[in-house]
Amino acid sequence: MKLGAIARALGATLEGDPELEIDELQPLDEAGPRALSFVSNQRYLAQLQVTRAGAVILGSGVSGPGCAVLRVDNAYLAFAVALGLFDRPVLPPLGVSAAAQLSPTARIGEDARIAAGVVVGDGVTIGARARLHPGVVIYPDTVIGDDFTAHANVVVRERVRIGDRVILGPGVVIGGDGFGFLPLPGGGIFKLPQIGTVEIEDDVEVGANTTVDRATIGTTRLARGVKLDNLVMVAHGCRIGEEALLAGQSGLAGSTIVGKRVQFGGQVGAAGHLEIGDDVRVAAKTGIDNDVAPGRVIGGYPELDVRLWRRVSAAVQRLPELLRRVRRIERMLGDTAGSDEPKAR
Amino acid sequence: MKLGAIARALGATLEGDPELEIDELQPLDEAGPRALSFVSNQRYLAQLQVTRAGAVILGSGVSGPGCAVLRVDNAYLAFAVALGLFDRPVLPPLGVSAAAQLSPTARIGEDARIAAGVVVGDGVTIGARARLHPGVVIYPDTVIGDDFTAHANVVVRERVRIGDRVILGPGVVIGGDGFGFLPLPGGGIFKLPQIGTVEIEDDVEVGANTTVDRATIGTTRLARGVKLDNLVMVAHGCRIGEEALLAGQSGLAGSTIVGKRVQFGGQVGAAGHLEIGDDVRVAAKTGIDNDVAPGRVIGGYPELDVRLWRRVSAAVQRLPELLRRVRRIERMLGDTAGSDEPKAR
Amino acid sequence: MKLGAIARALGATLEGDPELEIDELQPLDEAGPRALSFVSNQRYLAQLQVTRAGAVILGSGVSGPGCAVLRVDNAYLAFAVALGLFDRPVLPPLGVSAAAQLSPTARIGEDARIAAGVVVGDGVTIGARARLHPGVVIYPDTVIGDDFTAHANVVVRERVRIGDRVILGPGVVIGGDGFGFLPLPGGGIFKLPQIGTVEIEDDVEVGANTTVDRATIGTTRLARGVKLDNLVMVAHGCRIGEEALLAGQSGLAGSTIVGKRVQFGGQVGAAGHLEIGDDVRVAAKTGIDNDVAPGRVIGGYPELDVRLWRRVSAAVQRLPELLRRVRRIERMLGDTAGSDEPKAR
């Protein structure tokens, strides 16, 4: 692809030769003379001076290296668009593989691509242009919209409802039983049948091996545009608001409600029956133990406002020193009531 | 189903019309006039006043809304029983699918339901009424009891032993190799063959994508009635006691022993070679680093008694303030030994 | 197997009867008279006195029980070697199952063992002696070396490169899309196509249900000898150095670089765009938020040197007491400026 054509596609000002042939997009330190690269994170500016890239995408403030430059207002957005120019998605072959097992009562829309080893149960409805990679299992009576992509070995259990343009990564499980058990006073544990379901709205994407449990009753809901990373756990009865983004290995206990546009870092956990307001942002590894008002930025366990949490985190390493200082003060004052032994165990 | 029949099934006192037709169980805020609902968590009492449910299950202390009431001693237990009345479990078709691959040396009990894409290895024994959903893989020489349910894409590796009435959620892996590697002094890493096994006793249930590793030698054991939630990690050689409940994304390092009826919140981790006594309860995200005496309730990392941990958690946010107060005292006393700079780094 | 033969295989000095028949390796508390056992962890020395094992492997410092002893310099290494003597690995049958689906353009090396339900895409190359267990899915154009083992239901996506002697546990996903989304100012979320790949070098092993995402551009890399435990999450663009060991449920955010021989405990998390130097060791549940110099041993969140972190962890439980002591000092000094109410919220 010629650099001039890329510049036009990105709406970029080209500083360099429009006839330059570009074969690929690569990071600065892996790029060769036929690669386009970019910088958005300050951290990598030093690499810009030594890159062997043929061209780079740069924002207006950044001075270029020797190579060609595609000058744009927003380097990250231009990079995002450029990715699409070089994308070569892999689809299952058009049609239904002879090695797939579709129930005669399943209804599949036009232009489906259904690979070997796929199993679709009784009464399932799937819209147009479905892409089911090998080993996908759809249990009975599930209803799925158009442009559905399920990567290999996805499992969607019975009666789940899925909207349009949903993408499920490899190994995702939707609609598994919620963790509902009632230990009985006299011993034994009663399993609560999980008779609810999951509803996934349009434009949701779910990462590899993430699990979203069905509700005990009612519906576990991922609203329009929700994106879950890998190995995330959504328990029974949770509702996640539009365009919320939950990073890897995060987990929600049962019946918690997450607002619109909420963002979780990795390994966040939230207790059950909470309400987390719209636009809340949560630092990685936070443990959320209380309702959270809209717009708050939080960290720690239990959660604090993120600035307080950062101050606390900086202060906590001074605790051993602080103990010594207080002991010294007590000695100066002749006060022996404060001992060295913990009293509060 | 008529409300009168439901009342009889639950042993409830009916306050309302026994002829009312009930089609489903729903949460208060999703219930319509043909739905039965319930309240057990105080948090949702306000919804009771505005629900459109046709009937609700209530304990003796709670005054009802306008609709019919099923009055019981224990609302949660009655709800649990009611779930069973509305459960419509989905089973694979009776018999063995032509698209399943069963070794000729595998022995399968009566009334099996074995779906397409299932693979059962040489020398496997499975009891009566097995339910193997699509894509389940059972490696050779594994022995499984009666009433076994394996959801889609479960993997059980070789020589594992599984009791009666065990349920494995989608994507569960039982018997994967333990993480046993010995870095050699001169470089290179020696892989310890993991020649032990896993034993799962009766009435165990395991959630989606959870992994239970085989022991290096001997047995990783899930005792009778253990319930594991999704994405839990049980390392090689662990033993989990009867009726223990481990919530989502919890993990045990190798050879740790968990007592009977222990309960873990989500994202708990335990170090290896520990003994956690019977009836211990563990708050979410706790990091267990020491043996734990029976009956303790713990939280934090490393673990503390839960009440101390809660006091510490409340106190920790006052640390920046405390540092200022101690500095102020030092100034009042003319003491300059306690500086603002960390000394203990 | 006779004990004398085992002694020779381990280079051990035999204290006992070389004709003793040994059938298995077992832990001290499960071993019977035809079992060999061992002790390396001090914690289990007491069991040595009451074991019913026929023989034990012991280091030079440890006095034996009544049974036969295989005396060695390094008991753990001798045990590791002994495991190999009793290992009975389970392989898929030699050849390609009639129920596998191999693209006509896939090239598979000699002596392959490819089980039922395996799907191998167009243009895939796999070296000699591949062992693909049931349900493995290899997307198109992936290139894999010799002696590859993929356990049941592994997924390797398109264009991934894998070296020799790599082992992937059940349910592993290699090459899933990275979590790359750009919320747009006017609403909506732009999905960044993930056009990079994953490269896995020789002698890597990956545990059950772990996920390694493809890079946005360039390569996510697991260098030679890396070992990942179960349910680990490696995000797009990370690079993990030679012989690094990451324990269960650990996670790396995007573009983080992990040095050679680094060791993570369980449930560790690292933020994105970090550099973690060679030979760093990380305590379980640590949250790494900054670059880490080579050789450091760290714990806590954010990470501290492990000794400071342990002192801090011990001190933190004294915080409620410390607050009382400072208040007492303030009262002695007649200072009322330090109140009981938090000021720093």
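**Exercise 1. Work out the strand order of the 10-stranded open sheet in chain B, and find its edges.**

Step 1. Read the order. The open sheet of chain B runs β7-β10-β13-β16-β19-β24-β27-β30-β33-β36, with parallel pairing. Strands are DSSP runs of E with at least two residues, and helices are runs of H or I with at least four; both are numbered from the N terminus. Two strands pair if DSSP finds at least two bridges between them.

Step 2. Find the edges. β7 (101-102) and β36 (287-288) of chain B each have a single partner strand, so one side of each is left without a neighbour in the sheet.

Step 3. Check one pair inside the order. β24 (211-213) and β27 (233-234) of chain B pair in the parallel sense over two bridges. B:Val212 stands opposite B:Val234 in β27(B).

A note on the model and its numbering: this is a predicted model, where local features need pLDDT of at least 70, side-chain atom pairs count only at pLDDT 80 or more, and totals for chains, interfaces and linings use all residues. Residues are numbered from 1 along each chain as its sequence is written, while chains are lettered from A and ligands numbered from 1 in the order in which they are written.

**Exercise 2. Sort the residues of helix α1 of chain C into buried and exposed, and say what covers the buried ones.**

Step 1. Set the cut-offs. A residue is buried if 20 or more other C-beta atoms lie within 10 Å of its own, exposed if 12 or fewer, and partly exposed in between; C-beta atoms are placed from the backbone.

Step 2. List the buried residues. In α1 (3-10) of chain C they are C:Leu3, C:Ile6, C:Ala7 and C:Leu10. They cover an arc of only 100 degrees around the axis, so they lie on the same side of α1(C). The arc is taken over the directions from the helix axis to the C-beta atoms.

Step 3. Turn to the other side of α1(C). C:Ala5 and C:Arg8 are exposed there.

Step 4. Name the cover. The buried residues of α1(C) are covered by elements including β1 (13-15), β3 (35-38), β4 (55-58), β5 (68-71) and α3 (75-86) of chain C.

Step 5. Look past the helix end. C:Gly11 follows α1(C), with a positive phi near 65 degrees.

**Exercise 3. Describe the two faces of β4(C) and its pairing with β3(C).**

Step 1. Take the faces. C:Ala55 and C:Ile57 are buried on one side, C:Val56 and C:Leu58 on the other. Both faces of β4(C) are thus covered.

Step 2. Take the pairing. β3(C) and β4(C) are parallel, over three bridges. C:Ser37 has C:Val56 as its bridge partner in β4(C).

**Exercise 4. Relate chain A to chain B, then dissect their contact.**

Step 1. Superpose. A turn of 120 degrees and a shift of 0.0 Å along the axis lay chain A on chain B with an RMSD of 0.1 Å. The two copies are therefore related as by a three-fold rotation axis. The fit is by least squares on C-alpha atoms of residues with pLDDT of at least 70 in both copies.

Step 2. Count. The contact takes 60 residues from chain A and 63 residues from chain B. Two residues are in contact if their C-beta atoms, placed from the backbone, lie within 7 Å.

Step 3. Find the main contributor. On the side of chain A that touches chain B, α5(A) gives the largest share, eight residues.
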